Each structure stands twice: as C-alpha cells, then as structure tokens.
Amino acid sequence: MTKKGIQVMRNKNLLSLLVVVLIIVIHCIGVSANNHRKIVINIKAGDNYSHQHKIGLIKIHITPQMAIWLEDETGKYVDTIFVTEKSAKSSWGNVRRPEALPIWSHK
C-alpha cells in the first residue's frame, strides 16, 4: 500500500472515531439533560494516532487535531467540550491555524 493510501486509511479511521465519539456525546447529552448526570469523554491514542513526516532533513511529529462542541437545535454554537491542546493554544509558533479545524474555528 502506498503512503497516500495509508494516510487516507488513517484519516478514515480518525473520522470514524470522531463520529462514534459524537454519537456517544449526543446520547449522553440527552441522558444528562433528563437525569443531571456528568458527561465523561475518554479519547485514547491508538497505534496509528500519530506519525512522523520528513521534510528534507527535518522530521516532524504529526498528531491529528480534534474538537468536540455543542450546538443548539438551530445549529448555533453553544460551547466547546474538547479541543486538542495544539489547536487550543495555537502552538504552531504562535500562529493561529484555523484550517486545522475549519468548522470549529469559525463557530
């Protein structure tokens, strides 16, 4: 399998994980609203969570960026539940990267 094919598979796996987490969050919100329970989300890195990319002589460590947020019935942003540290702190050399999480960044 080519590097591009492996990257596409990783992206699909990450997207699948995010969809599952969102479904769980949506379910928990309904339970929480009715029973006043606390929502707990655990995201654990698997074997394919990150990888290294070589640019010339420089190797960089790449990890996926994720955000989970709440919206009301009309799609209006309510609150952020989780965002990866690199995106939350804009830690790409003090440069903000809205393209890393385009939908969340514009909410």
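This is a short walk through a predicted model, one selection at a time.

**The whole chain**

Start with everything shown as a cartoon. You should be able to pick out three helices and four strands. Follow the chain from the N terminus and the elements come in the order α-β-β-β-β-α-α. The protein has 107 residues, and 15% of them count as buried. Switch on a surface if you like: about 8600 Å² is exposed, and carbon and sulfur atoms supply 58% of that area. As for how the chain meets itself, take the contacts between residues at least 6 apart in sequence: 34% of these join residues at least 24 apart.

**Stop one: helix H1**

Select residues 3-35, which make up helix H1. Now show the side chains of Leu-15, Val-19 and Ile-23. What do these three form on the surface? They make a nonpolar patch, with about 280 Å² of accessible area together. Click on Val-19, which sits in H1. Val-19 has a relative accessible area of 42%, so it counts as partly exposed.

**Stop two: the hairpin of E1 and E2**

Move along to residues 51-55 for strand E1 and residues 58-62 for strand E2. In which sense do these two strands pair? They run antiparallel, and five bridges link them. For one of the facing pairs, select Lys-54 together with Lys-59, its bridge partner in E2. Then look at the turn: two residues lie between the strands, and Gly-56 takes a positive phi near 65° in this hairpin.

**Stop three: the hairpin of E3 and E4**

Next, select residues 67-71, strand E3, along with 77-83, strand E4. This pair is antiparallel too, again with five bridges. Which residue in E4 is the bridge partner of Ile-68? Select Phe-82 and you have it. Further along the pairing, Glu-71 stands opposite Tyr-77 in E4. The turn of this hairpin holds five residues between the strands, and there you'll find Gly-75 with a positive phi of about 90°. While the side chains are on, here is something to keep in mind: in a regular strand, side chains alternate between the two faces of the sheet.

**Stop four: Thr-84**

Step off the end of E4 and you land on Thr-84, in the loop between that strand and helix H2 (85-88). Is Thr-84 buried or exposed? It is buried, because its relative accessible area is 9%. To see what surrounds Thr-84, show Pro-64, Gln-65 and Met-66; it touches these three, leaving out residues up to four places away in sequence. Zoom in on Gln-65 in particular: its side chain and that of Thr-84 are joined by a polar contact of 2.7 Å.

**Stop five: the loop from H2 to H3**

Carry on past H2 into the loop that leads to helix H3 (102-105), and pick Ser-90. Ser-90 has 16% relative accessibility, so it counts as buried. Setting aside neighbours within four places in sequence, Ser-90 is in contact with Val-95 and Arg-96.

Stay in the loop between H2 and H3 and select Pro-98. This one counts as partly exposed because its relative accessibility is 25%. Try drawing a distance from the C-alpha atom of Pro-98 to that of Ser-87: the two residues are 11 apart along the chain, and the atoms are separated by 8.3 Å. Which residues is Pro-98 in contact with, leaving aside neighbours within four places in sequence? Show Ser-105 and His-106 to see them.

**Last stop: Ser-105**

That brings you to Ser-105 itself, which lies in helix H3. With a relative accessible area of 17%, Ser-105 falls under the 20% cut-off and is therefore buried. Beyond residues up to four places away in sequence, Ser-105 touches Arg-96 and Pro-98. Keep Arg-96 on screen for a moment, since you have met this residue before: Ser-90 is in contact with it as well. To finish, show the backbone of Leu-101. Its oxygen lies 2.7 Å from a polar atom in the side chain of Ser-105.

Note on methods
Residues numbered from 1 in each chain as written. Predicted model: local features only at pLDDT ≥ 70, side-chain atom pairs only at ≥ 80, totals over all residues. Heavy atoms only, no water. Patch = residues over 30% accessible without salt bridge, like charges linked within 9 Å, V, L, I, M, F, W, Y side chains within 5 Å. Areas by Shrake-Rupley, 256 points an atom, 1.4 Å probe, with all protein chains shown as cover. Salt bridge = Lys/Arg side-chain N within 4 Å of Asp/Glu carboxyl O. Buried < 20%, exposed > 50% of the residue type's maximum accessible area, 1.4 Å probe, protein only. Contact = heavy atoms within 4.5 Å. Pairing = 2+ DSSP bridges. Polar contact = N/O pair within 3.5 Å; in protein donor to acceptor, adjacent residues only side chain to side chain.
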